[in-house]
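Student: Could you walk me through reading a protein model, one feature at a time? I am happy at the bench but new to this.

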Amino acid sequence: MTVLEATDVETIRQIFSEMYNVRRFTPNPEYNRIRVSRQTVSSLAQRHDFTFSIDSHVRGDPLHALYFGHIRTGAVTYHRGHTSHTYVGGEAFLAVQPDHLLIADLVHPEMDYTVLDESLLDQVAQGSSDAPDKRIHFTGYGPATAADTDLWLRTTAYVDDMAASAGDHALVTRAAARLLAATALSVFPNTAVVEPGSVDRRDAHPRTLRRAMTFLQEHAAEDISAADIAAASGTSIRAVQLAFHHHLGTTPTVYLRRIRMQHAHDDLRAADPETTTVTQIAASWGFWNPGRFAAYYRSTFGCAPGDTLHDRSP
């Protein structure tokens with residue numbers, strides 16, 4: 001995690017310029033203080049947390065990423081073309097579209113941002129082979145309902161905990177980034193395809209399933225996205241999902257979890273309990289939450305993972 005703090009105007013201006021492409025920063029001269037903490041979730045996702053003791057106007061170049069905000073106290077107003085909208089405590093929002101200028105007024109806000117690369121959203125979006133080149137565009141700047149806002153805030157809090165605990169385990173951090181993207185696509189209005197098309201239904205045959213299963217078995221130790229599975233299967237994400245649902249009654253994600261759980265079981269049986277912990281093995285296979293891993297493990301193998309590590313289970 002990177003933390004930046006400043007109280008002088010020139011340093012604050014530099015922080016705004018380097019982090020948010022701000023070219024014009026007009027602060028209230030009486031008192032200025034900024035604190036920004038930046039947590040990298042993956043190469044395509046970050047979480048920023050701000051405390052701005054600032055009353056100011058900012059103008060900047062396009063950010064070329066999606067900035068989903070949540071304001072706790074204070075206020076922030078975004079000017080978008082001929083319209084403006086002010087957000088206050090408790091509200092979640094999309095700040096600006098990636099190719100639009102940043103123009104905003106800050107009134108002593110405390111807030112956080114989830115920063116997502118457009119390519120991550122493209123990877124996660126449940127695309128259809130009927131429209132393979134269609135890019136996602138967000139059609140609204142706020143969640144549709146209070147329940148959607150609550151889901152977004154609970155997800156970002158969950159990912160904060162996950163990122164803080166994951167360390168260098170890429171399977172965990174990249175899954176966290178995709179979770180953020182999937183939730184953003186679910187709660188903020190956008191043009192992502194949500195229903196399978198005719199080509200998807202046609203391609204959801206056993207050959208697609210076999211290719212996907214082979215790919216997952218051979219690459220379980222790697223970070224795998226839905227797009228990766230679809231590419232290996234030679235079809236769309238929706239077709240792969242339909243194939244798993246129709247022929248196995250499950251999802252690619254659950255199937256991959258079962259494979260990784262078996263690998264974790266094998267590693268626990270082979271490990272030296274004097275030098276290895278259950279948490280280390282679980283994290284190496286993408287299970288960052290020890291309690292959830294233990295529950296999955298017990299339901300699968302009928303014993304606690306610690307029992308297997310210490311050779312007290314069959």
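Tutor: Gladly. This is a predicted model, and a good place to start is a pair of side chains. Those of His57 and Asp105 are joined by a polar contact of 2.7 Å.

Student: Where in the fold is His57 found?

Tutor: His57 belongs to strand β5, which covers residues 55-60. Its bridge partner in β9 is Asp105, so the two residues linked through their side chains are also paired across strands, because pairing is read from DSSP bridges.

Student: Is His57 buried or exposed?

Tutor: The idea is to compare the relative accessible area with a cut-off: buried means under 20%. His57 has 18%, so it is buried.

Student: Which residues is His57 in contact with, leaving aside its neighbours within four places in sequence?

Tutor: There are Arg24, Phe25 and Thr26 on one stretch of the chain, and Ile103, Ala104 and Asp105 on another. Now look at the strands. Arg24, Phe25 and Thr26 fall within β2, residues 22-27, and Ile103, Ala104 and Asp105 fall within β9, residues 102-116.

Student: How do β2 and β5 run, and how many bridges join them?

Tutor: They run antiparallel and are joined by five bridges. One place to look is Val22, which stands opposite Gly60 in β5. On the β9 side, β5 has six bridges, and that pairing is antiparallel too.

Student: What can I learn from the loops beside these strands?

Tutor: Try the backbone angle phi. Asn21, in the loop between α1 and β2, has a positive phi of about 55° although it is not a glycine. His64 sits in the loop between β5 and β6, and its phi is also positive, near 60°.

Student: Which of the words buried, partly exposed or exposed fits Asn21, and which fits His64?

Tutor: Asn21 has a relative accessible area of 23%, so it is partly exposed. His64 reaches 55% and therefore counts as exposed.

Student: Let us turn to helices. How do I check one with a ruler?

Tutor: Compare the distance between its end C-alpha atoms with the span expected at 1.5 Å a residue. Helix α11, residues 290-301, has 12 residues and should span 16 Å; its end C-alpha atoms are 16 Å apart, which agrees. Helix α8 also has 12 residues, and its 16 Å reach is close to the 16 Å expected.

Student: What happens at the two ends of α11?

Tutor: At the N-terminal end, Asn289 acts as a cap, with a side-chain oxygen 3.0 Å from the backbone nitrogen of Gly291. After the helix comes Gly302, with a positive phi near 75°. You can see a glycine just after α8 as well: Gly249 takes a positive phi of about 70°.

Student: Which residues of α8 are buried?

Tutor: A general point helps first: an α-helix has 3.6 residues a turn, so residues three or four places apart point the same way. In α8, the buried residues are Ile237, Arg238, Ala239, Val240, Leu242, Ala243 and Phe244.

Student: And is Ala282 buried or exposed?

Tutor: Ala282, in helix α10, has 2% relative accessibility, so it counts as buried. Beyond its neighbours within four places in sequence, Ala282 is in contact with Phe287 and Phe293.

Student: How do I find empty space in a model?

Tutor: Rolling a probe the size of a water molecule over the atoms shows where empty space is left. Here there is one cavity of 30 Å³ or more, and the largest cavity has a volume of about 170 Å³. Its lining has 16 residues, with Phe16, Tyr20, Tyr78, Leu102 and Tyr113 nearest the centre. Strand β9 gives the most to that lining, with five residues.

Student: What is the volume of the largest pocket, and which residues lie nearest its centre?

Tutor: The largest pocket has a volume of about 950 Å³. It is lined by 33 residues, and those nearest its centre are Ala175, Arg178, Leu179, Thr253 and Arg260. Helix α4 supplies the largest share of the lining, seven residues. Several other helices each supply at least two residues, including α8 and α11, so you can return to the two helices you checked with the ruler.

Definitions and conventions
Residues numbered from 1 in each chain as written. Predicted model: local features only at pLDDT ≥ 70, side-chain atom pairs only at ≥ 80, totals over all residues. Heavy atoms only, no water. Helix = DSSP H or I, 4+ residues; strand = E, 2+ residues; numbered from the N terminus. Expected span 1.5 Å × (residues − 1). Polar contact = N/O pair within 3.5 Å; in protein donor to acceptor, adjacent residues only side chain to side chain. Buried < 20%, exposed > 50% of the residue type's maximum accessible area, 1.4 Å probe, protein only. Contact = heavy atoms within 4.5 Å. Pairing = 2+ DSSP bridges. 1 Å grid on protein atoms, 1.4 Å probe; cavity = no way out; pocket = protein on both sides within 12 Å on 5 of 7 lines; lining within 4 Å. Points joined across faces, edges and corners; volume = space filled by probe spheres on them.
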